[in-house]
Amino acid sequence: MKNKYQYWYIGYIISFILFVTLIMTNLPKSVDMGMMILFSAVFGVSHFQIWHNKMIEKDIDYKNEVMDERNILIKEKTGNIANMITLILLSIATVVFICLNFVFPAIITAMIIFIQPIILIIISNSIENKM
């Protein structure tokens, strides 16, 4: 099980590369801001996953709490509700972009709206096949 989650350490490497690039280059402010956000996201997700996996291995109470069937069902239901809310917000953003004549952002958000159910089906099938 220890080798199973080693790929999360790649996030630390990517974060380090982003941080060094951010410091060493003189890019426009908007690119710097995007790189800072990307650095924070990659580092945060990687660090949390590594911490979470270590806690599951070492702390029996934490593992029992995380793997509890009731908590798993609550997380799944929460994820489904969050997915519906995200679709509604993206739909509203698409309509607002169309009303403001922002064609490119409207196309991007519309593509995300159409791709999201496809991704949901693919992930659902892959998880179902694993179980």
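**Helix packing and loop residues in a predicted model**

Q: In this predicted model, how far apart are the end C-alpha atoms of α4, given its 31 residues at 1.5 Å a residue?
A: The expected span is 1.5 Å times one less than the number of residues, so the 31 residues of α4 should cover 45 Å. The model agrees with that expectation, since the distance between the end C-alpha atoms of α4 is 45 Å.

Q: Which residues of α4 are buried?
A: A residue counts as buried when its relative accessible area is under 20%. The cover over such residues of α4 includes α3 and α5. The buried residues of α4 are Asn 71, Asn 83, Leu 90 and Thr 94.

Q: Is α4 roughly parallel or antiparallel to α5?
A: Helix α4 spans residues 69-99 and helix α5 spans residues 103-130, and their axes lie 8 Å apart at an angle of about 155 degrees. Angles over 145 degrees count as roughly antiparallel. The relation of α4 to α5 is therefore roughly antiparallel.

Q: What is the handedness of the crossing in which α4 passes α5?
A: On the α4 side, the contact includes Asn 83, Leu 87, Leu 90 and Phe 97. On the α5 side, Pro 105, Thr 109, Ile 113 and Leu 120 are among the residues that take part. The crossing of α4 past α5 is left-handed.

Q: How many residues of the contact of α4 with α5 are nonpolar?
A: The contact of α4 with α5 contains no charged residues, and six of its residues are polar. The nonpolar residues in this contact number 10.

Q: What is the sign of phi at Asn 101?
A: Asn 101 follows α4 and belongs to the loop between α4 and α5. Most residues other than glycine have a negative phi. At Asn 101, a residue other than glycine, phi is near 60 degrees, and its sign is positive.

Q: Is Asn 101 buried or exposed?
A: The relative accessible area of Asn 101 is 65%. A value over 50% counts as exposed, so Asn 101 is exposed.

Q: How far apart are the end C-alpha atoms of α2, given its 30 residues at 1.5 Å a residue?
A: At that rise, the 30 residues of α2 should span 44 Å. The model agrees with this expectation, as the end C-alpha atoms of α2 are separated by 43 Å.

Q: Is α1 roughly parallel or antiparallel to α2?
A: Helix α1 covers residues 9-24 and helix α2 covers residues 29-58; the angle between them is about 155 degrees, with the axes 8 Å apart. Because angles over 145 degrees count as roughly antiparallel, α1 and α2 are roughly antiparallel.

Q: How many residues of the contact of α1 with α2 are charged?
A: From α1, the contact includes Tyr 9, Ile 14, Leu 18 and Phe 19, while α2 supplies residues including Asp 32, Met 35, Phe 39 and Lys 54. Of the residues in this contact, 13 are nonpolar and five are polar. The charged residues number two.

Q: Which residues of α2 are buried?
A: The cover over the buried residues of α2 includes α1 and α3, the latter at residues 60-66. The buried residues themselves are Asp 32, Met 35, Val 42, Ser 46, Ile 50, His 52, Asn 53 and Ile 56.

Q: What does Gln 49 count as, by its relative accessibility?
A: Gln 49 is a residue of helix α2. Its relative accessibility is 23%. That lies between the limits of 20% and 50%, so Gln 49 is partly exposed.

Q: How far apart in space are Asn 26 and Asn 64, C-alpha to C-alpha?
A: Asn 26 sits in the loop between α1 and α2, where it is exposed at a relative accessible area of 77%. In sequence, Asn 26 and Asn 64 are 38 residues apart. In space, their C-alpha atoms are separated by 49 Å.

Key. Residues are numbered from 1 along each chain as its sequence is written. This is a predicted model: local features need pLDDT of at least 70, side-chain atom pairs count only at pLDDT 80 or more; totals for chains, interfaces and linings use all residues. Side-chain values use heavy atoms; hydrogens and water are left out. Axes are lines fitted to C-alpha atoms, for helices over the stretch in contact, and angles run from 0 to 180 degrees between N-to-C directions. Helices (H or I, at least four residues) and strands (E, at least two) are DSSP runs, numbered from the N terminus. Angles under 35 degrees count as roughly parallel, over 145 as roughly antiparallel, 65 to 115 as roughly perpendicular and the rest as oblique. Contact means heavy atoms within 4.5 Å. Ala, Val, Leu, Ile, Met, Phe, Trp, Tyr, Cys and Pro count as nonpolar, Asp, Glu, Lys and Arg as charged, and the others, Gly among them, as polar. A crossing is left-handed if the near helix is turned anticlockwise from the far one by less than a right angle, and right-handed if clockwise. Buried means under 20% relative accessible area, exposed over 50%, partly exposed in between (1.4 Å probe, protein chains only).
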